[in-house]
Amino acid sequence: MSVKVDSERVSDEFLQEALDECHLNSLRMALYQQTKDPDLARMKIVPHSRPGTPFLNYLVDRAHHDELKEKAFRYLTSGDLTPAPAPDKKTTLELMAMFQGGHDLDPSAAGYGYEELAFEEFPREAKWKGVVPKEALKNFTVTIIGSGFSGIMAAIQLDRLGINFRVLDRQSGIGGTWELNDYPEARVDITTFLYQYKFVKKYPWKSYFATRDELKEYVDHVVDTYGVRDRIELSTKLVSANWDAATKEWVLEIEGPDGTIETHRSNIVISAAGLFSTPHLPDIPGIRDYKGKMFHTTAWDHDYDYSGKQIALIGTGSTGTQLMPDLARRGAHLTVYQRTPNWVTPVRGYHNAVSAGIRWLLDYMPYYANWFAYNAHVAQLQNQAFHPIDPEWQAKGGYINEKNDQLREGLTAHIRKKVGDRNDLLEKLVPDYAPLARRLVVDNGWFDTLLKDNVELETIGIQAITADGIISNDGVERKFDLIVLGAGFKVSQYLWPVKYVGRDGVQLEDLWEKDGARAHLTMTMPGFPNFFMLYGPNAGTRSGSFHSWIEILVRYVGNVLTEMLERGAREVELKQEAYETYNAELDAEMSKMSWESEKGGGGYYVNEFGRSGVNMPWTLAEFYDRVKEPDFDDFELN
Ligand code: NAP
């Protein structure tokens, strides 16, 4: 299909501005795909990372900027912007090398990276290998728990395979975490161009870091475009699931919107219940005696006007830090109770809108959107370099590894710059553990707000909550109209509060009693046939995007299901040996990561047994290799 673009539609000035603003290396790649101009291939590429940030960018050398923009201008005003045919895999790999100007490609390039470019319509898809087993599909049902990004992905994939499914969600709206979290200023802290499905093309994002409302619009767009909305049953929760070995089905107790509980049967259960779905209400003495207004960040009372009020905020993770500027702006006074400082990083353009010019390029310049998103992926790959402990570096007096220590210096310099001569704040704000040994928090105005006259940072600890306010460990009581609980989520309680009972009565507590939640490749467990988790135990990847990983995990689950049905089996169960081997490898590798060392920062990265039940130790390429397709030797199929 040819794409004729009337050059009158946008002025020359508009185009020039767009070209001045755009990511030139992405533009270069897109233009090369269209024109094959050898000059573009020869341009010098300079790796660049801003000091104190974890992100690496491959930039076009300044010497070529004018020439590149001129060529692009000529092309964009030619009137015909019909996309050249999408390159095959071999050519794509050559293009990826060209993007980096010949600098070494990460080992992930050939697999995960190739899929990130998303030249295919549906880059990560499970497919039937042979003829669709229509008979086997009759009376075969999958129940998906949760309608967040994972549940929606599973729904779309199953729909494409023609497998019958239903989605249950206990909330009254779709979107999972983005339905639950509607506190002020909620927005994603990873660029939207990474935080999106790769099969949804050119979604017209308004912001580089989408707000909660924009993400909800995206969710609506996806379920409507892919026709799965009417398969989602809201205000409907799974209460219990019992494996019936005789029929090879799960027996589900499901509570509907009117509170009645019905029993249903399902061949497969996919839990996409999410990691951050159960709020943690801090167990502070006296919390129930408080008479003022109090709510957790997931239960924001939008009818309560806190203008001019005395406010306390407990908890300074990503959530508390993000919403705190709003509390200070509107309230008369804000006291922030911080138990452990977090590393808070500046992110350039965090509140920026996508300009009309960039939107035009994303829409009309063939393949610019692909390379622009790919650039975000390549930049983010750098993250994983900060996690492993380097014993040689430590022997020389280093803290974690060279890069991590550089990052630490950069982030410390940022705090110093921000707080100026407020040494009292500096002492309270610089963590004594390594960056990324806990989740990095994005600066949404945190430091600037702490400097305001009506804001106080309290770090001495909370002794108790009283009827009127909070007593800190120094015995000082402060009175508050509103206490906001930004105390996070019960992340170790995977699948809670659903009671799952597997083969021979086995329960999750039995399997996980030794040291908390575990799984094989984050998805399956022995004793729980026909059961899969999306974003289950140890699913916190070291790099890559949430949506991409969910696409990959759903493809894996889809491929297990197609294999099972094509073989005529009705039951698939992980072997005990596969579970144990995987977890032994995981433990060995995990001990090399900063968060499990004495330089770690605790928080939800480490569970009550001292191990990480949420993160994984694998690099992006290593985990991709393990999950790109199922190894059927790991399973019993009957
Ligand atoms: P969190 O990171 O677990 O932070 C919870 C906070 O509450 C911590 O500061 C914790 O202190 C404090 N706390 C807990 N119990 C306490 C107690 N009894 N007394 C005093 N303080 C207490 O939770 P979160 O901030 O909700 O973030 C959870 C995750 O959600 C993030 O890591 C991120 O993955 C995601 N998230 C993302 C975004 C985004 O993309 N923009 C925004 C929000 C959240 P300690 O540190 O001392 O335990």
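**Ligand shell, rings and odd backbone spots**

Visitor: How far is an oxygen atom of the ligand from an N or O atom in the side chain of D189?
Guide: Bear in mind that this is a predicted model. A polar contact here needs a pair of N or O atoms within 3.5 Å. The D189 side chain passes that with its N or O atom, since the gap to a ligand oxygen fits the cut-off: it is 3.0 Å.

Visitor: Which residue has a side-chain N or O atom 2.6 Å from an oxygen atom of the ligand?
Guide: R439 puts a polar side-chain atom 2.9 Å from a ligand oxygen, so R439 isn't the one at 2.6 Å. R439 is also listed among the residues that come nearest to the ligand, as are R187, T319 and T340. The name that goes with 2.6 Å is Y604.

Visitor: How much of the ligand does the protein bury?
Guide: Take the ligand alone and it exposes 920 Å². Put the protein back, and the share of that area it buries is 85%.

Visitor: Which helix gives the most to the shell around the ligand?
Guide: There are 24 residues around the ligand. By class they split into nine nonpolar, ten polar and five charged. The top helix covers residues 318-330 and supplies three residues, and its label is α11.

Visitor: How many aromatic pairs are there?
Guide: Two rings of Phe, Tyr or Trp pair up if their centres lie within 6.5 Å. One cluster linked by ring pairs includes F122, W178, Y218 and F546. Across the model, the pair count comes to 42.

Visitor: How far apart in sequence are the parts that F119 and Y367 tie together?
Guide: The two rings sit edge-to-face, 5.3 Å centre to centre with 85° between the planes. F119 is in the loop between α6 and α7, while Y367 is in the loop between α12 and α13. F119 and Y367 are buried. Because they come from those two loops, the pair ties together parts whose separation in sequence is 248 residues.

Visitor: Which residue lies over the face of F165?
Guide: Such a charge has to be within 6 Å of the ring centre. K36 does this over the face of Y32, at 5.9 Å. Over F165 the distance is 4.0 Å, and the residue is R231.

Visitor: Is S266 buried or exposed?
Guide: S266 belongs to strand β8. Its side chain makes a polar contact with the side chain of T143 at 2.8 Å, and reaches the backbone oxygen of I268, also at 2.8 Å. Buried means under 20% relative accessible area. S266 has 1%, so it counts as buried.

Visitor: What is the relative accessibility of K248?
Guide: K248 is in the loop between β6 and β7, and its phi is near 60°, a positive value in a residue other than glycine. K36 has a positive phi as well, near 55°, in the loop between α2 and α3. K248 counts as partly exposed because its relative accessibility is 25%.

Visitor: Which residue does a cis peptide bond join to W496?
Guide: Omega of that bond is about 5°. The partner lies in the loop between β19 and β20, and it is P497.

Visitor: How far apart in space are Y350 and G602, C-alpha to C-alpha?
Guide: Y350 is in the loop between β13 and α12 and is buried, with a relative accessible area of 4%. In sequence Y350 and G602 are 252 residues apart. In space, C-alpha to C-alpha, they are separated by 27 Å.

Methods:
Residues numbered from 1 in each chain as written. Predicted model: local features only at pLDDT ≥ 70, side-chain atom pairs only at ≥ 80, totals over all residues. Heavy atoms only, no water. Phe/Tyr/Trp six-rings, centres within 6.5 Å; stacked < 30°, edge-to-face > 60°. Helix = DSSP H or I, 4+ residues; strand = E, 2+ residues; numbered from the N terminus. Buried < 20%, exposed > 50% of the residue type's maximum accessible area, 1.4 Å probe, protein only. Lys NZ or Arg CZ within 6 Å of the ring centre and 35° of its normal. Near = heavy atom within 4 Å. Polar contact = N/O pair within 3.5 Å; in protein donor to acceptor, adjacent residues only side chain to side chain. Areas by Shrake-Rupley, 256 points an atom, 1.4 Å probe, with all protein chains shown as cover. Nonpolar A, V, L, I, M, F, W, Y, C, P; charged D, E, K, R; others polar.
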